Each structure stands twice: as structure tokens, then as C-alpha cells.
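Visitor: I am new to this structure. Please pick one part and look at it closely with me, then show me how the rest of the chain fits around that view.

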Amino acid sequence: MPSKVVLVTGVSGELGGRLLARLGANSGLDRVIGVDTIPPGKQASRRLGRAEFVRADIRNPLIAKVIADAGVDTVVHCSTTCHPPGPARRTAIKEVNVIGAMRLLAACQRARSVRKLVVKSTTAVYGAGPRSPAVFTEESELVPASSSGYAKDAVEMEAYVRRLARRRPDITVTTLRLANVLGPDVDTVLARYFALPVVPTVLGFDARIQVLHSSDALAVLELATLEDRPGVFNVASDGVLALSQAIRRAGRAELPVPRPLVPTVAKLLRGAHVVDFSEDQVRLLNFGRVVDTTRLAEEFGYQPSWTTKAAFDDYIRGRGLRPVLDGEKLGELADNVLTAARTGQTQA
């Protein structure tokens with residue numbers, strides 16, 4: 001049975017808001033409802049079409065009433081925050097990621113009208129470390145970098161999803177593990193990182209980076225919503241870039257930082273409200289992470305339109321990043337960052 005009444009969570013986020021607008025323009029759907037504590041951004045709001053916005057908190061049990069009253073048959077969970085671009089309150093995000101997922105999935109379990117669940121997860125569930133495989137498959141062990149970070153939230157959420165699938169085998173469940181999203185007009189942690197004039201890296205390491213273009217992320221979410229594609233799928237662009245290559249392509253200056261100083265530099269950037277580096281992001285820059293997408297192509301039936309290299313170049317063009325030229329000022333800035341990091345480590 002095709003989807004007719006769709007509910008999308010997390011529509012204040014960029015992907016959730018764009019998906020809501022895309023579905024709102026689909027005449028084959030009877031009703032499209034977006035829920036969040038704040039409305040979608042201005043750009044997405046202007047293109048909602050027939051889609052509706054309901055101010056609701058998925059942490060509140062009342063989300064069950066929204067699903068039941070509307071007769072929702074398809075739920076798309078886009079609320080999970082795995083890589084906040086800027087500094088954010090960890091407690092609030094964890095509540096939405098974990099408690100929100102519990103409440104939402106409990107509501108889905110009770111609602112007999114629900115027949116499909118699509119979940120936006122992340123490849124960060126695999127972690128990144130010196131003993132990680134060269135390429136992760138969907139069967140790889142889930143080992144998040146931190147026992148209390150955002151990726152750990154995604155691992156917990158996926159566990160709740162598997163429990164729901166066991167209790168309601170009649171529900172078609174699709175879990176999409178998205179690589180780091182990058183594009184010309186999305187605000188993500190990597191988008192902010194590569195826009196820094198001086199980009200800190202881990203001294204002695206040159207991680208392999210794999211990304212996903214925002215248009216491919218949106219297309220996969222839409223396809224999973226409109227058609228039945230059960231299973232767990234890695235979603236990432238083909239190919240990889242070495243971190244040093246990416247920095248050069250962006251015209252940035254690289255600042256190799258000794259490994260012990262990396263957490264302090266990350267803290268400085270977070271404190272300056274520039275970019276939020278979780279432990280997972282730090283380890284990603286250290287060891288890299290690449291996933292296999294064979295199942296996405298062969299079983300899900302989607303081949304990303306953008307390679308990692310092409311997606312990265314589109315991000316550069318869209319952001320209008322210009323090469324950093326003033327070597328003297330860059331050197332001074334790099335010295336200041338390292339001095340501040342060493343001072344902060346000494347005080348700690």
C-alpha cells in the first residue's frame with residue numbers, strides 16, 4: 001500500500017524541513033504533517049504546499065494523539081541530532097535523541113494505522129579508531145567514539161527501532177545511516193570546519209573523508225517515504241578525499257596540531273561559537289571513516305548523483321570560499337591558536 005498520510009519529525013532542521021516541503025508538493029499524498037517545537041525555516045515554510053505544521057514535542061506522550069487522530073500510516077523520524085554544527089546544550093539534544101525516540105516509537109507501536117517507519121540515523125554509529133575496518137558495512141559492530149556522545153544516542157535509538165520491529169513485524173522499517181552531509185546551502189559541522197581560515201588537523205594523520213551531498217540525502221529520505229524499502233542502509237557518496245586534499249581544494253591553510261592538544265583546540269572553537277566538535281568528530285579527523293554502499297545500490301535501488309569529490313566542490317562553489325592568501329596573518333593566527341591550546345591544557 002502506498003503512503004497516504006505522512007508525519008515528519010524534526011522539520012525545523014534543514015533536511016526535515018526540505019523533506020516536508022517536498023512531500024507537501026506531492027499530489028499522491030492525502031496529508032503531510034510536520035511536527036517540531038519550532039517551525040521550519042523561512043525558505044522551507046514558503047514551499048510547504050499542502051503540508052501542515054503542528055507544534056508538538058515528540059518527548060511528550062501527546063505525540064501519540066497526533067498520530068492517532070490523523071490516521072498516520074508513515075512516520076519519518078528526522079529529529080535525531082548527530083552532528084550539531086554549532087555549540088548546543090548536550091542535555092537538551094540527548095533528551096530529544098533518546099527520550100523523544102522512545103516516546104515516538106511507543107506511539108507508533110500503539111497506533112494500528114502506522115505501517116511504515118523511516119529513521120534518519122548516521123554512519124557515526126560505527127565510530128572511528130585505529131582498529132576500525134577500512135570499510136564499514138551494515139553488519140559492522142556499532143562502536144560509537146564516546147560513551148556519552150551524540151553517536152551513542154543514535155546507537156540507542158536504533159536499538160529502540162529494532163525492538164519496535166520485533167513487536168510490530170507488520171511495520172516496514174527503513175533505517176538510513178547517513179554520512180556527514182555537505183552542500184552549498186546546509187549548515188553542518190563539516191561545512192563550518194572547512195570554512196575556517198586555518199583548519200586544525202591531527203599531526204601525523206591524514207584521515208579519509210566520505211561525505212553525502214544534501215540533495216542525495218533528501219532524495220533517499222523521500223524515496224524511502226514514498227516506497228517500501230525495508231532494511232538498514234549506509235548512505236554516502238562514492239569515493240573518498242584525504243583530509244589534506246579537502247583542505248587544499250577549499251583553499252584553506254592546514255594547522256597540524258599534536259594529538260594531546262586537539263581536544264583543547266576543539267574546546268576553544270566550541271567556546272568561540274564557531275563550530276562544535278564532539279569526540280566523534282575529533283576521532284573522525286584522526287582516523288577517518290568510509291562505508292560500503294553496495295546495499296544502497298542493489299537493494300534500496302539508489303545511486304547517489306554526487307561523488308564525494310563533486311559534492312565537496314559543489315560545497316566550495318556554493319559557499320563562495322576563496323583561497324586564504326595572507327600568509328603572515330595566517331601564521332600569526334595559527335601561533336595564537338596553538339598558544340591558547342597549550343595554555344588551556346596547562347591550566348586543566
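Guide: Here is a short tour that starts with the whole chain, stops at one helix, and then moves outward.

Keep in mind that this is a predicted model. The chain has 348 residues, and 53% of them count as buried. It holds 13 helices and 13 strands. Take the contacts between residues at least 6 apart in sequence: 81% of these join residues at least 24 apart. Now the outside. The chain exposes about 15100 Å². Carbon and sulfur atoms supply 53% of that area.

Now the close look. The part is helix α12, residues 308–319. How far apart are the end C-alpha atoms of α12? They are 16 Å apart. That agrees with expectation, because twelve residues at 1.5 Å a residue should span 16 Å. The span is counted over the steps between residues, one less than their number.

Next, which residues of α12 are buried? They are T308, A311, F312, D313, D314, Y315 and I316. So each of these has under 20% relative accessible area. Follow these buried residues outward to their partners. They pack against two helices, α6 (189–193) and α8 (243–249). They also pack against the strands β7 (180–182), β9 (208–209), β10 (211–213) and β12 (241–242). After α12 comes G320. The phi of G320 is positive, near 65 degrees.

Now step away from α12 to the nonpolar cores. In general, nonpolar side chains tend to be buried together in soluble globular proteins. The largest nonpolar core here has 40 residues. Which members touch the most other members? They are V8, L19, L176 and F300. Several elements supply at least two residues each: the helices α1 (14–24), α5, α7 (214–226) and α11, and the strands β1 (5–9), β6 (172–178) and β11 (231–235). Helix α7 gives the most, with seven residues.

Look at V8 again. Leave aside its neighbours within four places in sequence. V8 is then in contact with G16, L19, L23, I33, G34, V35, V76 and C78. A separate core has 35 residues, including L190, V202, L284 and L285. As for C78, it counts as buried, at 6% relative accessibility. C108 is buried too, with a relative accessible area of 1%. What about disulfides? A search of the whole structure finds zero.

Charged pairs come next. In general, side chains of opposite charge can pair when their charged atoms come close. The count here is 22 salt bridges. One of them joins D153 and K94, with the closest N and O atoms 3.3 Å apart. D153 sits in helix α5 (residues 150–167) and K94 in helix α4 (residues 90–110), so this pair links distant parts of the chain, 59 residues apart. Is D153 buried or exposed? D153 is buried, at 0% relative accessible area. K94 is partly exposed, at 32%.

K94 has a second partner. The side chains of K94 and E156 meet in a salt bridge at 3.7 Å, N to O. K94 lies in α4 and E156 in α5, so this pair ties together parts 62 residues apart in sequence.

Compare a pair within one helix. R295 and E299 form a salt bridge at 4.0 Å, N to O. They are four residues apart in helix α11 (residues 294–300), which means about one helical turn separates them. E299 is exposed, with a relative accessible area of 55%. Elsewhere, salt bridges that share partners join K94, K152, D153 and E156 into one network.

One last stop is S113. Where is S113 found? It is in the loop between α4 and β5 (116–122). S113 counts as partly exposed, at 30% relative accessibility. S113 touches I67, G71, V72 and D73, not counting residues up to four places away in sequence. A68 and S113 are 45 residues apart in sequence, yet their C-alpha atoms are 7.5 Å apart in space.

Note on methods: Residues are numbered from 1 along each chain as its sequence is written. This is a predicted model: local features need pLDDT of at least 70, side-chain atom pairs count only at pLDDT 80 or more; totals for chains, interfaces and linings use all residues. Side-chain values use heavy atoms; hydrogens and water are left out. Buried means under 20% relative accessible area, exposed over 50%, partly exposed in between (1.4 Å probe, protein chains only). Contact means heavy atoms within 4.5 Å. A nonpolar core is a set of buried Ala, Val, Leu, Ile, Met, Phe, Trp, Tyr and Cys residues joined through side-chain atoms within 4.5 Å. Accessible areas come from the Shrake-Rupley method with a 1.4 Å probe; for residues, only the protein chains shown count as cover. A disulfide is a pair of cysteine sulfur atoms within 2.5 Å.
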